[in-house]
Amino acid sequence: MDKRVRRKVGSKGKDKVDLPSYTEAESEVVDLSLKQAVDWVRLPNDTVIQLFSCLNYRDRASLSSTCKAWRTLSRSPFLWQSLDLRGHKLDAATAALLASRCANLQKLQFDGVESAEAIINLKAGGLHEISGENCRKITDATLSVIAARHEALESLQLGPDFCERISSDAIKAMAICCPKLRKLRLSGIESIDGDALNALATHCPNLTEIGFIDCHNVDEIALGNILSVRFLSVAGTTNMNWGLVMQMWSKLPNLTGLDVSRTDISPVAVSRLVSSLNSLKVLCALNCHGLEQNTSLVTGNTKGKLIVASFTDIFKGLAFLFADTTKKERNVFSDWRTSKKRDKNLDKIMTWMEWILSHSLLRMAESNSPGFDKFWLSQGAALLLSLVQSSDEDVQERAATGLATFIVVDEENASVDGGRAEAVMRDGGVHLLLKLSQSWCESLQSEAAKAIANLSVNVNVAKAVAAEGGIITLANLARSRNKLVAEEAAGGLWNLSVGEEHKVAIAEAGGIEALVNLIFKWSVGGDGVLERAAGALANLAADDKCSMEVVAVGGVRALVMLARTSKSEGVLEQAARALANLAAHGDTNNNNAAVGQEAGALEALVQLVRSPQEGVRQEAAGALWNLSFDDRNPEAIAAAGGVEAL
């Protein structure tokens with residue numbers, strides 16, 4: 001899920017929520033006219049709380065520290081109904097500090113086993129939704145304790161990475177402890193047996209949505225006993241006995257949506273399920289090779305039910321669900337989101353479809369299976385762009401990651417599919433992604449910036465990004481205190497800096513200073529962001545004007561520090577290349593002297609010439625060659641052992 005494209009060039013050349021009411025210290029209306037400065041102290045409390053809600057957690061903390069009144073408002077229950085800790089470390093001590101604010105916490109998102117083990121220390125017994133990522137090391141014991149402490153839980157989602165250490169025992173404990181469970185999505189479980197599934201059927205009468213995704217074994221017979229289920233996904237699950245499925249699942253009285261994407265289901269099984277399930281409205285079967293070999297058997301007689309597959313018109317099928325309410329098929333998602341005439345059942349179907357499509361399309365993009373180029377160009381890219389506009393942040397994030405991934409042909413050689421990249425651009429993708437990158441949610445910022453970075457490898461898309469103000473946006477994101485956001489933004493500036501026409505614009509947007517500051521800020525433990533920042537500076541240093549800006553904002557010191565201390569081959573190569581490009585302007589500026597006179601620069605480059613990595617050796621040798629043209633450097637290079645090393 002982490003496809004990023006890295007570039008290298010040669011040297012130089014949702015619903016409205018009512019805020020709670022508070023008694024105001026003063027009732028005057030603040031004059032916001034241009035003629036009078038805003039008195040922030042007199043802002044209504046509701047306005048301040050709304051302002052807090054638009055900020056990320058770091059900025060909320062900074063704002064709350066300004067005065068006692070705002071510190072009090074920062075504890076408003078309205079601001080602590082949802083908590084996304086995926087980009088933050090959550091251990092037992094941190095959770096204990098947050099506990100006093102989490103009494104009314106409804107939704108929690110976390111990342112990793114340490115955070116999972118710390119959840120109980122939040123003392124948020126009223127949690128309704130828990131969603132976790134990077135769950136490979138989470139054990140039955142941890143999940144069972146979470147279930148026991150959160151009896152009001154209605155939704156649990158763990159994935160999309162595999163939950164390798166969770167077994168049926170934990171699922172059974174979850175069923176017994178959480179009788180209000182409505183939604184259960186688990187990925188990569190080795191085996192889900194009949195006891196666990198029967199426990200869900202017995203103890204969770206409101207369980208309407210189940211996702212057992214990329215699992216190895218699921219008891220088909222017992223799964224057919226969960227009569228409450230309305231939406232079921234077994235996408236990517238292996239070893240399914242489709243004979244038993246046809247026999248047992250046809251008895252599910254409420255099954256409305258079924259997802260069998262990335263399985264070996266046969267056309268016969270699809271036809272039988274469509275004909276026998278009277279309640280079924282949608283069957284999703286993306287990337288099912290058995291169906292793609294014989295499409296006529298699948299699409300021949302669907303009995304008015306929607307089949308979602310790579311060989312069907314998905315937009316047209318979804319529009320059919322709305323009869324005459326959708327004017328244009330490609331606008332089916334946006335029309336549904338803005339419609340004033342809402343159908344409760346259709347809302348549930350479309351909400352489920354958004355999640356299913358975002359997950360399946362991302363998996364397809366990651367696998368990069370051959371034979372889907374027509375699908376991506378005709379509707380896949382458009383589907384991802386429609387999902388980017390969802391009101392569900394999880395769907396938005398997955399769709400943005402899908403856009404960043406499906407265009408990549410060869411990550412190692414920084415190659416993207418031009419047709420796919422320009423299809424995204426033609427459908428307004430650049431504007432949508434730039435807008436998404438300005439979300440308060442840092443995970444959305446990161447994935448949107450990654451997509452923009454990868455798209456910018458294409459020359460035409462890079463021009464569109466620049467025209468839409470993308471350079472300023474990326475420069476601002478590079479200043480983020482979130483390392484992942486800053487890393488993707490630096491990658492975007494690296495790719496854009498390949499184009500000569502973008503270099504000066506990056507400098508004018510403050511991008512060079514932001515990149516240099518990133519090196520100092522993440523000098524330890526940030527190889528990804530350091531390589532991207534150094535790579536962007538290397539490209540920018542090839543321009544005479546930009547090279548002087550690099551020197552002026554401390555770039556030489558930053559790059560020499562990397563050359564001396566980094567252990568990463570990629571970081572060292574880009575740092576050496578940047579120093580080589582800075583030293584290549586001997587006739588037009590004093591950069592050569594600036595590099596040569598920087599303490600430890602020549603010694604570091606000489607050491608890099610001895611590197612076992614060829615790329616590092618070549619760039620370091622090129623830097624020393626350029627530096628040797630300054631009369632003050634040859635003796636110093638020789639004294640540092642440069643002649644012998646070369």
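**Exercises on a predicted model**

A side-chain oxygen of Asn482 comes to within 2.9 Å of the backbone nitrogen of Leu484, at the start of α24. This structure is a predicted model. The exercises below begin with that helix.

**Exercise 1. Check the length of α24 and describe its burial.**

*Step 1.* Take the residue count: α24 runs over residues 483-496, which makes 14 residues. At 1.5 Å a residue, the expected span is 20 Å.
*Step 2.* Compare with the model. The end C-alpha atoms of α24 are 20 Å apart, so the two values agree.
*Step 3.* Turn to burial. Of the 14 residues in α24, 12 are buried, and the helix is mostly covered. Among them are Val485, Glu487, Glu488, Leu493, Trp494 and Leu496.

**Exercise 2. Find which side of α19 is buried and what covers it.**

*Step 1.* List the buried residues of α19 (residues 418-426): Arg420, Ala421, Ala423 and Val424.
*Step 2.* Look at their directions. They cover an arc of only 155° around the axis, so they lie on the same side of α19. The general rule is that an α-helix has 3.6 residues a turn, so residues three or four places apart point the same way.
*Step 3.* Identify the cover. It includes α17 (373-388), α18 (393-406), α20 (429-436), α21 (442-455) and α22 (459-467).
*Step 4.* Inspect both ends. At the start of α19, a side-chain oxygen of Asp417 reaches to within 3.0 Å of the backbone nitrogen of Gly419. Just after α19, Gly428 has a positive phi of about 85°.

**Exercise 3. Place two residues, Val516 and Cys178, and list their contacts.**

*Step 1.* Locate them. Val516 is in helix α26 (residues 511-521). Cys178 sits in the loop between α7 (168-177) and β5 (183-187).
*Step 2.* Classify them. Val516 has 0% relative accessibility, so it counts as buried. Cys178 is buried because its relative accessibility is 0%.
*Step 3.* Find partners distant in sequence. Val516 and Val553 are 37 residues apart along the chain, with their C-alpha atoms separated by 7.3 Å. Cys178 and Glu151 are 27 residues apart in sequence and 4.7 Å apart in space, C-alpha to C-alpha.
*Step 4.* Leave aside neighbours within four places in sequence. Val516 then contacts Leu537, Val553, Gly554, Gly555 and Ala558. With residues up to four places away not counted, Cys178 touches Ala147, His150, Glu151, Leu153 and Cys204.

**Exercise 4. Pick out unusual backbone geometry.**

*Step 1.* Recall the background: most residues other than glycine have a negative phi, and most peptide bonds are trans.
*Step 2.* Find the cis bond. The peptide bond from Gly159 to Pro160 is cis, with omega near 10°. Pro160 is in the loop between β4 (155-158) and α7.
*Step 3.* Find the positive phi values. Lys123, not a glycine, has a phi of about 55°, and Asn287 has a phi near 60°.
*Step 4.* Add the setting. Lys123 is in the loop between α5 (113-118) and β3 (129-133), and it counts as exposed at 67% relative accessibility. Asn287 is in the loop between β11 (282-284) and α12 (289-292). Asn287 is buried, with a relative accessible area of 8%.

**Exercise 5. Decide where to read the model with care.**

*Step 1.* Start with the whole chain. It averages a pLDDT of 89, and 92% of the residues score at least 70.
*Step 2.* Find the weak stretch. Over residues 9-35, pLDDT stays under 50.
*Step 3.* Draw the conclusion. Where pLDDT is low, the predicted coordinates should not be read in detail.

Terms used
Residues are numbered from 1 along each chain as its sequence is written. This is a predicted model: local features need pLDDT of at least 70, side-chain atom pairs count only at pLDDT 80 or more; totals for chains, interfaces and linings use all residues. Side-chain values use heavy atoms; hydrogens and water are left out. Helices (H or I, at least four residues) and strands (E, at least two) are DSSP runs, numbered from the N terminus. The expected span of a helix is 1.5 Å times one less than its number of residues. Buried means under 20% relative accessible area, exposed over 50%, partly exposed in between (1.4 Å probe, protein chains only). A polar contact is a pair of N or O atoms within 3.5 Å; within protein, one must be able to donate a hydrogen and the other to accept it, and residues adjacent in sequence count only if both atoms are side-chain atoms. pLDDT is the predictor's confidence in each residue, from 0 to 100. Contact means heavy atoms within 4.5 Å. The arc is that of the directions from the helix axis to the C-beta atoms.
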